[in-house]
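Hi there,

Here is the structure I promised to pass along. Have a look at it first, and then read on for what turned up when I went through it.

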Amino acid sequence: MAKAVMESFPLIPNVNFECSKKYMKRERRELALEILEASVFDEHTYCAMCAALRPPGSPITDWVQCDDCERWYHAQCLAMDSRDFKKAETGYWNCPLCK
């Protein structure tokens with residue numbers, strides 16, 4: 001998968017940045033989003049965490065969509081229990097990248 005990402009994402013990111021925690025957090029988030037946007041899988045049909053249609057070893061799949069970036073995630077890949085999944089399913093939910 002790393003080879004596919006590098007072939008789809010040939011640009012070398014700008015690594016000139018401050019050292020503050022706030023700035024580094026923002027830079028990591030922006031880089032992660034840029035890599036995801038250039039990725040080879042379709043974010044509307046594949047999990048943004050594992051890049052698969054179903055989580056490994058699981059015949060039943062619960063999906064949750066981020067209300068900001070609109071990417072889909074398997075509840076299992078996010079280690080969500082049923083209570084957290086119900087809250088995400090019925091309320092406003094942000095994925096780990098958008099938090």
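Let me start with the aromatic rings. Please keep in mind that this is a predicted model. Searching the whole structure gives two aromatic pairs. W63 and W72 make up an edge-to-face pair, with 6.4 Å from centre to centre and 80° between the planes. W63 has a relative accessible area of 26%, so this residue counts as partly exposed. W72 is partly exposed as well, at 27% relative accessibility.

The other pair is formed by Y73 and W93: their ring centres are 5.8 Å apart and their planes stand at 75°, which makes this pair edge-to-face too. Y73 belongs to strand 2 (residues 72-74), while W93 sits in the segment after helix 3 (82-90), so the pair ties together parts that are 20 residues apart in sequence. Both Y73 and W93 are buried.

Next, the cysteines. How many disulfides does a search of the whole structure find? The count is zero. C77 takes part in no disulfide, and the nearest cysteine sulfur, which belongs to C50, is 3.7 Å away. Because a disulfide calls for two cysteine sulfur atoms within 2.5 Å, that distance of 3.7 Å from C77 to C50 does not qualify. C77 is partly exposed, with 23% relative accessibility. C95 is in no disulfide either; for this residue the nearest cysteine sulfur is that of C98, 3.7 Å away. C95 is buried, at a relative accessible area of 0%.

Finally, helix 2, which covers residues 21-37. Does its length agree or disagree with what its residue count predicts? At 1.5 Å a residue, the 17 residues of helix 2 should span 24 Å, and the end C-alpha atoms are indeed 24 Å apart, so the two agree. Which residues of helix 2 are buried? They are Y23, L33 and L36. These buried residues cover an arc of only 160° around the axis, and therefore lie on the same side of helix 2. K21 and R28, on the other side of helix 2, are exposed.

If you open the model in your viewer, the two edge-to-face pairs, W63 with W72 and Y73 with W93, could be a good place to begin. After that, you could turn to helix 2 and look at Y23, L33 and L36 on the buried side, then at K21 and R28 on the other.

Happy to talk it through whenever suits you.

Best wishes

Technical notes. Residues are numbered from 1 along each chain as its sequence is written. This is a predicted model: local features need pLDDT of at least 70, side-chain atom pairs count only at pLDDT 80 or more; totals for chains, interfaces and linings use all residues. Side-chain values use heavy atoms; hydrogens and water are left out. Helices (H or I, at least four residues) and strands (E, at least two) are DSSP runs, numbered from the N terminus. The expected span of a helix is 1.5 Å times one less than its number of residues. Buried means under 20% relative accessible area, exposed over 50%, partly exposed in between (1.4 Å probe, protein chains only). The arc is that of the directions from the helix axis to the C-beta atoms. Rings of Phe, Tyr and Trp (its six-membered ring) pair if their centres lie within 6.5 Å; planes under 30 degrees apart count as stacked, over 60 as edge-to-face and the rest as tilted.
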